[in-house]
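The exercises below are meant to be worked through with the structure in view. Each one sets a task and is followed by a solution in steps.

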Amino acid sequence: MKFILIYFVCFCIFCAWLFYEQRKSQRQQKKASDDFWAREALANSTRKKDISDLPLIRVEEKEIPFIETQEESIITYIGQLRQIIQEPMADLSDYSNTDLKLAYGVANFKTLSEYDENFNTFLVTLTNLARSYERNGYHEQARDTYLTALRHGSRRAGDYEELAKIWLELGRRDEVKALIRRLEESSHPRRAGIISKLNQVLADHR
């Protein structure tokens with residue numbers, strides 16, 4: 001009987017704790033939701049601001065290794081890149097939609113979204129071109145294209161990994177080690193995972 005009573009008391013304490021934690025979680029979620037919608041309402045009422053000094057990303061054709069070839073995929077990606085680098089581009093990946101509207105005004109949101117989309121399209125097309133070069137045996141052009149992507153802000157782990165593999169194919173193990181050192185000193189949000197993959201690429205190439 002005493003055991004049952006202890007069990008019942010413990011069960012009641014557990015239920016009370018569980019109820020408290022659930023209510024606490026609900027309050028936190030409600031506060032987060034209220035804060036979000038308050039910021040969103042403020043963002044949607046923010047007046048248009050001057051974006052003429054926005055740091056746009058400009059890319060010259062000579063930065064990208066374009067070649068003469070009959071390979072259809074390479075021709076397609078080169079054509080796409082020639083077109084996209086004529087458009088205004090901006091890396092706004094660190095901004096949420098609400099942040100953008102608060103910083104530059106809701107009236108600029110569509111324009112800024114297009115700038116950011118242009119930049120993402122540019123990086124994706126660079127990666128596609130690099131992979132097409134790689135598939136068709138243009139290793140030096142693939143290397144230079146990956147380097148261009150990284151120089152302009154690509155954070156894709158695949159770009160780092162494929163570049164490392166190409167460096168190793170070209171007998172430049174030291175370049176992979178230098179790439180790892182640069183990552184270690186960077187603020188890349190996923191540097192630990194990428195460094196681990198690059199070290200694995202080095203280990204597999206022994």
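**Exercise 1.** Which element gives the most to the lining of the largest pocket, and with how many residues?

*Solution.* Bear in mind from the start that this is a predicted model. Begin with the pocket itself, which holds about 230 Å³ of space. Its lining includes Leu150 and Arg151, and further along the chain Leu179, Arg182 and Leu183. The elements that give two or more residues to this lining are α5 and α7 (173–184). Of the elements, α7 gives the most, with 3 residues. As a last step, sort the lining by character: it divides into 4 nonpolar, 5 polar and 3 charged residues.

**Exercise 2.** Find the place of His152, and decide whether His152 is buried or exposed.

*Solution.* First locate His152 in the loop between α5 (139–151) and α6 (157–169). Next take the relative accessibility of His152, which is 16%; because buried means under 20%, His152 counts as buried. Finally, look at the surroundings: leaving aside residues up to four places away in sequence, His152 touches Ile57, Arg58, Val59, Glu63, Phe119, Phe122 and Leu123.

**Exercise 3.** Describe the largest nonpolar core, and name the residues with the most contacts inside it.

*Solution.* The largest nonpolar core has 38 residues, and those with the most contacts inside it are Ile64, Leu81, Phe122, Leu129 and Leu198. At least two residues of this core come from each of α2 (72–84), α4 (109–135), α5, α6, α7 and α8 (191–204). To see one member in its setting, take Leu129, which touches Ile64, Phe66, Ile74, Tyr77, Ile78, Leu81 and Thr145, again not counting residues up to four places away in sequence. There is also a second, separate core of 8 residues, including Ile51, Leu92, Leu100 and Tyr104.

**Exercise 4.** How many aromatic pairs does the structure hold? Classify each pair.

*Solution.* The structure holds 2 aromatic pairs. For Tyr95 and Tyr104, the ring centres are 6.2 Å apart and the planes stand at 50°, so this pair is tilted. Tyr95 is partly exposed, with a relative accessible area of 35%, whereas Tyr104 counts as buried at 15% relative accessibility. Tyr133 and Tyr138 form an edge-to-face pair, with 5.9 Å from centre to centre and 70° between the planes. To finish, compare the surroundings of these two rings: Tyr133 counts as buried at 0% relative accessibility, while Tyr138, with a relative accessible area of 27%, is partly exposed.

How values were computed. Residues are numbered from 1 along each chain as its sequence is written. This is a predicted model: local features need pLDDT of at least 70, side-chain atom pairs count only at pLDDT 80 or more; totals for chains, interfaces and linings use all residues. Side-chain values use heavy atoms; hydrogens and water are left out. Helices (H or I, at least four residues) and strands (E, at least two) are DSSP runs, numbered from the N terminus. Buried means under 20% relative accessible area, exposed over 50%, partly exposed in between (1.4 Å probe, protein chains only). Contact means heavy atoms within 4.5 Å. On a 1 Å grid over the protein atoms alone, a cavity is a set of points where a 1.4 Å probe fits but cannot get out, and a pocket is an open set with protein on both sides within 12 Å along at least five of seven lines; lining residues have an atom within 4 Å of a point. Grid points are joined across faces, edges and corners, and a volume is the space filled by probe spheres set on the points. Ala, Val, Leu, Ile, Met, Phe, Trp, Tyr, Cys and Pro count as nonpolar, Asp, Glu, Lys and Arg as charged, and the others, Gly among them, as polar. A nonpolar core is a set of buried Ala, Val, Leu, Ile, Met, Phe, Trp, Tyr and Cys residues joined through side-chain atoms within 4.5 Å. Rings of Phe, Tyr and Trp (its six-membered ring) pair if their centres lie within 6.5 Å; planes under 30 degrees apart count as stacked, over 60 as edge-to-face and the rest as tilted.
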